[in-house]
Structure formats: structure tokens, C-alpha cells
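Dear colleague,

Here is the structure I promised to pass on to you, with the sequence beside it. Please open it first, and then read my notes below with the model in view.

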Amino acid sequence: MSKLAAINNLSVQYGDVHALQNISLDIQTGEKLAIIGESGSGKSTFAYALAGLLPFNSKQTGQINWQEFEGKPKTGRDIGFIFQNPSASFDPVMTIGNQLAEIITTYQGLSKTQALGEAADLLNRVQIAEPKAALQRYPHQLSGGQKQRVAIAASIAAAPKLLIADEPTSALDTIVQGEIVSLLEELVGQTDMTLLFITHDIALASQFADRLAVFKQAQLVEIGAREQVLSNPSHDYTKMLIAHCLTLDDGSAA
Ligand SMILES: Nc1ncnc2c1ncn2[C@@H]1O[C@H](COP(=O)(O)OP(=O)(O)O)[C@@H](O)[C@H]1O
Ligand SMILES: [Mg+2]
């Protein structure tokens, strides 16, 4: 397997806050890598550093060496990004069709009509029923799950090599969560796209990730193949996460 990126000693600070400390890991081309950690452990900071989206009050050191792009990847084209709250990605007063068409024309030299056709195809890929009719809708006319599907459509419009999903299901109920995860899995499976899936939920990540990376208090404490991490975790914190989700399972079965 080839490497998409080699990350070396990546650290990020916001003033006195160490949000990431000396993170070193490789991202393999085509893999589904899950980043797991509790709130505040630095997961989003890691995602933003990769996507070049860190805020101005941050200080980044270390290296991110992209091996598959010429120079720096462009977020939106080379890297797709899905945020936790899909509403935040949309303009409330513009139709879904116009918003998708705008993204499509930015990356491909198409007319508006062609771009709208492509937008309908994208909505079909993310399994929105009646995609042509959906183009006419405004964001508030969609459910949370549908909005997240449209946000996923927007993130893959330029056929990025890397898709970063930062807690894409946390704002959704459990059933819709499962559907969105299946959709991501399917979309990634259809292409050679690499998926970086960020979550606080080790059980959710374990449903589909090839590798699991565990973050705790700004540090990477464990990384390995899913089976290896689940059956033989090396760090106490990972053991605790696994034990906790086993206890939850026991609870629901009782
Ligand atoms: N823009 C920011 N300015 C200041 N501190 C921040 C900012 N973003 C995140 N932090 C802090 O950095 C740490 C890591 O945050 P974050 O990467 O958002 O973690 P996670 O996504 O795992 O919840 C936290 O202590 C958080 O409060
Ligand atoms: Mg976060």
C-alpha cells in the first residue's frame, strides 16, 4: 500500500493550550482510518491541520508530507471535508441545487445547466430520493440526515483523494447515524478514496475502519489494525474505552 501522507511530530497550540503534541502517523492510500478520542482530545485540530483549516490564533509545528499530491493539496478539490453540523455548511437562502452547482463549477468548467445535472447525479449517489426535485429545496426543508447526505455530496463533488469526516453523525439519531456510516463506506468503496473518520465512539468506528488511532489529551496513544487494537489494546485508555462499550452492550441486552 502506498502512503498518502506521512505526519511527523505534528504539534498545534492555541495560545497556552497544547491541542496536539508530537503526533506522528502515516495515512495509507485507500484506507479507512478512524481517529477516536474524547471531546477536547485534539481530533478536530488534527483534521483542520491536515486540511489547512486551522484558525489564525494557532501555531503549528512539525511536518505533514503529502506523497500523492504535487505540492500542497487543495481543500475542496483534493481533500473533502464533512463537518459535524451539516447546517453550518449551507447558505440558508440558497437552494441545494444552486449551492452544489456553485461548488461543481468551481472545480469543473461546466455551464450552470450541466452543473445542475451533475448535482442531481451527486444527490443520487448519496441516495437522496427524487434528486431533481431535491435541487429546488432549501436547507431548512431537509431533515438532519438528508442535510448530512447533501453535505457529503458537496464534499465529494470534486472527487477528492482524501475525505475527512469530523464526527459527521454526532448530531444525528442512532438509526440515521448507521445509514450515514454505511453511505460513507459505500462511497469510499466505489473509488480509491481514503477516509479519515473522526469520532468519540469506538464502537461506531469499529464497524468499518481498517485502522484505529486513539487520541488522548493531545497525544496519539495507540494506533493499529482494528482487530489488533480491539483484541489486544496496548494502552490502558484504549482498554477502558473497549470495556466501557462492552458494558453498554451488556446493559442494553439485559
Ligand atoms: N480556536 C481555538 N482557540 C482556542 N482553543 C481551541 C480552539 N479550538 C480548539 N481549542 C482547544 O484545543 C483543544 C482540542 O480541541 P479540539 O481539537 O476541538 O478537540 P476535539 O475535536 O477532540 O473535541 C481543546 O482544549 C480546545 O478547547
Ligand atoms: Mg471536534
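Ligand 1 is surrounded by 13 residues, and the closest of them are Gly40, Gly42, Lys43, Ser44 and Thr45. Please keep in mind throughout that this is a predicted model. Three polar contacts with oxygen atoms of ligand 1 can be looked up one after another: a backbone N or O atom of glycine 42 lies 3.1 Å from such an oxygen, an N or O atom in the side chain of lysine 43 is 2.8 Å from an oxygen of the ligand, and a polar backbone atom of serine 44 is 2.9 Å from an oxygen of the ligand. Taken alone, ligand 1 exposes 560 Å², and the protein buries 63% of that area. The elements that give two or more residues to the shell around the ligand are β2 (17-28) and α1 (43-51), and the largest share, 3 residues, comes from α1. Sorted by class, this shell has 4 nonpolar, 7 polar and 2 charged residues.

Since α1 matters for the shell in this sense of giving the largest share, it is worth following that helix a little further. Helix α1 is mostly covered, with 7 of its 9 residues buried, and these buried residues are Lys43, Thr45, Phe46, Ala47, Ala49, Leu50 and Ala51. Just after α1 comes glycine 52, which takes a positive phi of about 70°.

Next, the interior of the protein. In soluble globular proteins, nonpolar side chains tend to be buried together. In this model the largest nonpolar core has 38 residues, and those with the most contacts inside it are Leu100, Leu123, Val126, Val150, Ile152, Leu184 and Phe197. At least two residues of this core are supplied by each of α2 (96-107), α3 (112-125), α5 (144-155), β6 (162-166), α6 (174-190) and β7 (194-199), while α6 gives the most, with 7 residues. If you would like one residue to start from, take valine 150, which, leaving aside its neighbours within four places in sequence, is in contact with Phe90, Ile96, Leu100, Leu123, Ile128 and Leu142. There is also a second, separate core of 28 residues, which includes Val12, Ile64, Leu162 and Ile164.

Which backbone angles deserve a second look? Most residues other than glycine have a negative phi. Asparagine 22, although it is not a glycine, has a positive phi of about 50°, and this asparagine is found in strand β2. Alanine 159 also is not a glycine and has a positive phi of about 50°, and its place is in the loop between α5 and β6. Is alanine 159 buried or exposed? Its relative accessible area is 63%, and because a residue counts as exposed when that value is over 50%, alanine 159 is exposed.

Finally, please find lysine 132, whose place is in helix α4 (residues 131-134). Lysine 132 counts as exposed, at 65% relative accessibility. The C-alpha atoms of lysine 132 and tyrosine 237, which are 105 residues apart along the chain, are separated by 48 Å.

With best wishes

How values were computed
Residues are numbered from 1 along each chain as its sequence is written. Chains are lettered from A and ligands numbered from 1 in the order in which they are written. This is a predicted model: local features need pLDDT of at least 70, side-chain atom pairs count only at pLDDT 80 or more; totals for chains, interfaces and linings use all residues. Side-chain values use heavy atoms; hydrogens and water are left out. A residue is near a molecule or strand if one of its heavy atoms lies within 4 Å of it. A polar contact is a pair of N or O atoms within 3.5 Å; within protein, one must be able to donate a hydrogen and the other to accept it, and residues adjacent in sequence count only if both atoms are side-chain atoms. Accessible areas come from the Shrake-Rupley method with a 1.4 Å probe; for residues, only the protein chains shown count as cover. Helices (H or I, at least four residues) and strands (E, at least two) are DSSP runs, numbered from the N terminus. Ala, Val, Leu, Ile, Met, Phe, Trp, Tyr, Cys and Pro count as nonpolar, Asp, Glu, Lys and Arg as charged, and the others, Gly among them, as polar. A nonpolar core is a set of buried Ala, Val, Leu, Ile, Met, Phe, Trp, Tyr and Cys residues joined through side-chain atoms within 4.5 Å. Buried means under 20% relative accessible area, exposed over 50%, partly exposed in between (1.4 Å probe, protein chains only). Contact means heavy atoms within 4.5 Å.
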